[in-house]
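Trainee: I would be grateful for a close look at the interior of this model, taken as one connected account.

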Amino acid sequence: MNIKPPFTDIEIRKAASGFYEGYSVPIALISKVSMTLLVIWALVWPANANGVLGSLNWRILEDFNAFYILIVGFFAFFLLVIAVLPRTGRRVMGKAGEKPEFSDFSWFSMMFGAGLGVGLMVFATAEPLGLWGSNPLVVAGAVAGNTPEALESGYRYTFLHYGFHAWAIYVVTGLSLAYYAYTRDMPLTIRSALTPLFGRFVNGIFGHLVDVLGVVATILGVSVTIGFGVSQFIDGMYAITGMEWMMDMGGETPAPGTVGLIAGLVVIMAMSVLSAVSGVGRGVKYLSNLNLVLSILLLLVFVAFGSFAFAMTTYGAAFIDYIQHFAQLSFGPHLPLSEAEFAAKLPAEAAPLAGDLYAGATNAWGSLDGFKGDLTGAAAALPAATQEAAYAAGTEGRLFGWQAGWTTFYWAWWIAFSPFVGLFLARISRGRTVREFIVGCIFAPALVCFAWMTILGGTAIDLELSGVAQGSILAASNTAKLFVTLGHMLSGTFLNVITVMCVVLILTFLVTSADSGILVMNTIMSGGEQETGIKHRIVWGVILTLVIGTLLIAGKNGAGADPMEALKSAMIIGALPFTMVMGLMCASLVKALYRDGLREKHAERIENPAE
């Protein structure tokens, strides 16, 4: 049986001369125009941009919650099967006998820094603390938040958001790109991953659209990560210097102000452009190695001075609990609860007041006491037992709201980040086997994330449980929680030294993320070329800075006081189309692996004919 060779004739028309020499003009111009329009909108009409983006963002989260939950669960199991199957798992992404380009240490360093570096600095304490106070079991009333009983469920969802599922999202994109680039000599660009399904159609408008979606998702995903990181960088600078001009001092606790955020952003992006100009073999590699060394030092500080025994006990129990609930976490979406469905669940005496009870009973971020306290008129006069029954009737609505606002937000964030991280992982993984790539890029970094979350986050929780912190860590902003935790652990000169080290670590993580993102965007727009023009790296560094800066201003001056809101909303909107592209990537990869397996068997029969 003759098997047709795979389609590999990708033709991406590039400019032969001029400013865009070596680049696809349609991809570059569409990407630049779309981002420029977003910048102008956010700069000229910040309140309108923040409001519209927020409204559209929540509509997407509501309508596509189940889709996000199910497809991310599918990604995790899909990759597990590919790694386990002998024929697919042992396939080398490169020529026969080709060795990996980077050492294991540098490979892991770059993977760790690009994938979750700055996110771990911000959320190592914030995520466990936040989920300790609010998770589905707390929302459903099964346990009380911020108590010892809520610890297990809090870490179950911490591990979900930073574990195998998160890294599986990156690896779906990375494996698809690496497989075609290194086994079929195809361009390292998004459209290559869809050739088994669409063939020569990827050479036209459809291919341009796919690549543009990858560029836009990358810009917005990187923007959110840098936005969080810049905020923590300013918190750290304030902790070191006490300079109030960087902060907004009007709230209950100081928070990074607009001036401080923009100043920090300009410094970080200038350094990122310089690193990006040097290329992945120099700037990114050296910064990534520095990141990993400093991360280990920070971890050792928490091991020596934090609640290490508490953390390790928590790690073991939480990991077992996470594995036991893995399938349910993967395929357990909650559905929205309409007002009519809510009314049908109410006791007879409360049913006529469904309209007054619905909003409070389905508010995922409220509480039973808050629900009762906000009732007015006839609803407030209902017996306590009836009010409690009404709150219980809204449980499914609260669970849906919590999942859409927390887990689905994370999945959208990782998906928006996946063109960047996936292409970057592919770029540094030539010569690795498929199994090595999946295990190395999912399980190894996830286990490190678990340790990071339990050692840093567990110390913060133990300080609160023991009464040492007296609620100060919980009261701090997400980006300040790490520094408040350190303040309870250490003192004097040593505290100052470690705080400075944390700020340096945040800075290097931010520069690594930004310069890697700039390199990846240019790779896509140049049709997969790994060496791209310096002037284009500078231009996209400036565009990325403008996108982040204007959306931070829009978020601060719009309907909400949180400067990150507009950035997060834009990112979630941009992630949805690429989620669908990733689903097609999986189907394409199945076809490619199956057909390549048939070709290998056919070649073996020709080489070793039956006697």
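In particular, which residues of the largest nonpolar core touch the most other members?

Mentor: The model is a predicted one, and what follows should be read in that light. The largest nonpolar core comprises 191 residues, and those that touch the most other members are I226, L298 and W411. Helix α25, spanning residues 492-525, supplies the largest share of this core, with 17 residues. Apart from this core there is a second, separate one of 15 residues, with F342, A350, A379 and A390 among them. As general background, nonpolar side chains tend to be buried together in soluble globular proteins.

W411 merits a closer description. Once neighbours within four places in sequence are set aside, W411 is in contact with Y68, I69, V72 and L160, and also with H161, H165, A166 and I169.

Helix α20 covers residues 395-405, and nine of its eleven residues are buried, so the rest of the structure largely encloses this helix. The buried set consists of T395, G397, R398, L399, F400, G401, W402, Q403 and A404.

Helix packing comes next. In general terms, two packed helices are described by the distance between their axes and by the angle between those axes. Helix α10 (residues 205-241) meets helix α21 (residues 407-427), with axes that come within 7 Å and cross at roughly 115 degrees. This crossing of α10 past α21 is left-handed. On the α10 side the contact is made by G214, A217, T218, G221, V222, V224, T225 and F228, and on the α21 side by W413, A416, F417, P419 and F420. Sorted by class, the contact of α10 with α21 contains nine nonpolar and four polar residues, with no charged residues.

Helix α10 also packs with helix α1 (residues 25-44): their axes come within 9 Å and cross at roughly 40 degrees. The two helices, α1 and α10, are therefore oblique to each other, and their crossing is right-handed. From α1, the residues making the contact are P26, I27, I30, S31, S34, M35 and L38, while α10 contributes H208, D211, V212, V215, V216, I219 and L220. By class, the contact of α1 with α10 has ten nonpolar residues, three polar ones and one charged residue.

Helix α1 also includes V39. This residue, V39, counts as buried because its relative accessibility is 12%, against a cut-off of under 20%. The C-alpha atoms of V39 and L546 are separated by 6.6 Å, although the two residues lie 507 residues apart along the chain. With residues up to four places away in sequence not counted, V39 touches L546, V547 and T550.

Two loop residues complete the account. Most residues other than glycine have a negative phi. D185, which is not a glycine, has a positive phi of about 55 degrees. The loop that holds D185 runs between α8 (164-183) and α9 (195-198), and D185 counts as exposed because its relative accessibility is 58%. Q470, likewise a residue other than glycine, has a positive phi near 55 degrees. Q470 is placed in the loop between α22 (434-465) and α23 (472-475), and its relative accessible area of 72% makes Q470 exposed.

Notes: Residues numbered from 1 in each chain as written. Predicted model: local features only at pLDDT ≥ 70, side-chain atom pairs only at ≥ 80, totals over all residues. Heavy atoms only, no water. Core = buried A, V, L, I, M, F, W, Y, C linked by side-chain atoms within 4.5 Å. Buried < 20%, exposed > 50% of the residue type's maximum accessible area, 1.4 Å probe, protein only. Helix = DSSP H or I, 4+ residues; strand = E, 2+ residues; numbered from the N terminus. Contact = heavy atoms within 4.5 Å. Axes fitted to C-alpha atoms, helices over the stretch in contact; angles between N-to-C directions. Left-handed = near helix turned anticlockwise from the far one by under 90°. Nonpolar A, V, L, I, M, F, W, Y, C, P; charged D, E, K, R; others polar. Parallel < 35°, antiparallel > 145°, perpendicular 65-115°, else oblique.
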